[in-house]
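Good morning, colleagues. Please take a moment with the sequence and the structure on the screen before I begin.

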Amino acid sequence: MSAQPRSELPLPGSAAEAPDARLLTEAVTRLRRALRASIRTDYPWEKLPMAQVELLQVLGEHSPARISDLAARQRLAPSTVSGLIGQMITTGLVAREVDPADRRASVVTLTDAGRDQLTAWTTAHERRMDAALASLDDTTRSAIATALPALFQLAEQLGQLDDGS
């Protein structure tokens with residue numbers, strides 16, 4: 001697959017008429033796919049579905065958490081998150097405990113195994129990304145570094161649009 005963006009003409013009236021939006025969407029999709037595929041080189045035993053990895057990441061930042069809070073953060077149905085958490089409990093990555101603030105409710109926490117898995121996953125991804133960045137010229141690396149704050153701001157804006165803000 002070429003590293004260059006596709007050059008098809010957008011359909012009239014479509015969101016693809018905005019080339020920046022189309023190209024950014026394509027770039028993000030390709031980056032996620034390439035990173036996910038390339039990680040098998042350093043981390044061949046990684047079998048976690050991305051949804052579980054994302055829950056581990058949220059729990060790494062916000063633990064303990066109720067399933068309803070995790071669902072809201074990930075914009076998933078609580079039943080979906082509950083099912084994922086059930087799978088993760090079975091594999092020992094997370095544990096369900098009584099919520100100390102409300103003994104009628106439960107919270108989910110990372111186990112040591114879950115934290116170790118998340119650390120290994122993050123380290124492997126950072127190592128792959130570092131290698132890819134090192135292969136780029138200084139101008140390209142600088143452009144990426146300059147764009148990072150704007151990309152985080154864009155992600156925040158997209159989150160606010162989803163929230164109805």
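Leaving aside neighbours within four places in sequence, which residues is V94 in contact with? The model is a predicted one, and in it V94 is in contact with L56, L59, I85, M88, I89, V108, T109, L110 and T111.

Let me place that residue in the overall arrangement. The chain has six helices and two strands, and from the N terminus on the order of elements is α-α-α-α-β-β-α-α. Of its 165 residues, 24% count as buried. Among the contacts with a separation of 6 or more, 50% are between residues that are 24 or more positions apart. The exposed area of the chain is about 11,000 Å², and carbon and sulfur atoms supply 58% of that area.

I turn now to the interior. The largest nonpolar core has 20 residues, and V94 is listed with L56, L70 and I85 as those with the most contacts inside it. At least two residues of this core come from each of α2, α3, α4, β2, which spans 102-110, and α5, which spans 112-134. The element that gives the most is α2, with five residues.

Two polar residues deserve attention next. Q52 has its place in helix α2. Is Q52 buried or exposed? Q52 counts as buried, because its relative accessible area is 5%, and the cut-off for buried is under 20%. The side chain of Q52 makes a polar contact of 2.8 Å with the side chain of Q87. Apart from residues up to four places away in sequence, Q52 touches L84, Q87, M88 and L93. M88 also appears among the contacts of V94.

The second is T109, which is found in strand β2. With a relative accessible area of 11%, T109 is buried as well. Its side chain is joined to that of E97 by a polar contact of 3.4 Å. Not counting residues up to four places away in sequence, T109 touches S63, P64, L93, V94, A95 and E97.

That list brings us to the backbone. Which form does the peptide bond from S63 to P64 take, cis or trans? The bond is cis, with omega near 0 degrees. P64 is found in the loop between α2, residues 50-61, and α3, residues 67-74. A second backbone feature concerns R75, where phi is near 55 degrees, a positive value in a residue other than glycine. R75 lies in the loop between α3 and α4, the latter spanning 78-90, and is partly exposed, with a relative accessible area of 42%. Both features merit a remark, because most residues other than glycine have a negative phi, and most peptide bonds are trans.

Finally, the surface. A nonpolar patch is formed there by L24, V28, L136, I144, L148, L151, F152, L154 and L158, which together have about 730 Å² of accessible area. Both α1, residues 19-42, and α6, residues 138-162, supply at least two residues of the patch. The largest share, six residues, comes from α6. One residue of the patch, L148, is found in helix α6 and is partly exposed, with a relative accessible area of 42%.

To close, I would return to two sites: the core of 20 residues, with V94 among those with the most contacts inside it, and the surface patch with its largest share from α6. Thank you; I welcome your questions.

Technical notes. Residues are numbered from 1 along each chain as its sequence is written. This is a predicted model: local features need pLDDT of at least 70, side-chain atom pairs count only at pLDDT 80 or more; totals for chains, interfaces and linings use all residues. Side-chain values use heavy atoms; hydrogens and water are left out. Helices (H or I, at least four residues) and strands (E, at least two) are DSSP runs, numbered from the N terminus. Buried means under 20% relative accessible area, exposed over 50%, partly exposed in between (1.4 Å probe, protein chains only). A polar contact is a pair of N or O atoms within 3.5 Å; within protein, one must be able to donate a hydrogen and the other to accept it, and residues adjacent in sequence count only if both atoms are side-chain atoms. Contact means heavy atoms within 4.5 Å. A nonpolar core is a set of buried Ala, Val, Leu, Ile, Met, Phe, Trp, Tyr and Cys residues joined through side-chain atoms within 4.5 Å. Patches are made of residues with over 30% relative accessible area and no salt bridge: like charges are joined within 9 Å, nonpolar side chains (Val, Leu, Ile, Met, Phe, Trp, Tyr) within 5 Å. Accessible areas come from the Shrake-Rupley method with a 1.4 Å probe; for residues, only the protein chains shown count as cover. A salt bridge is a side-chain nitrogen of Lys or Arg within 4 Å of a carboxyl oxygen of Asp or Glu.
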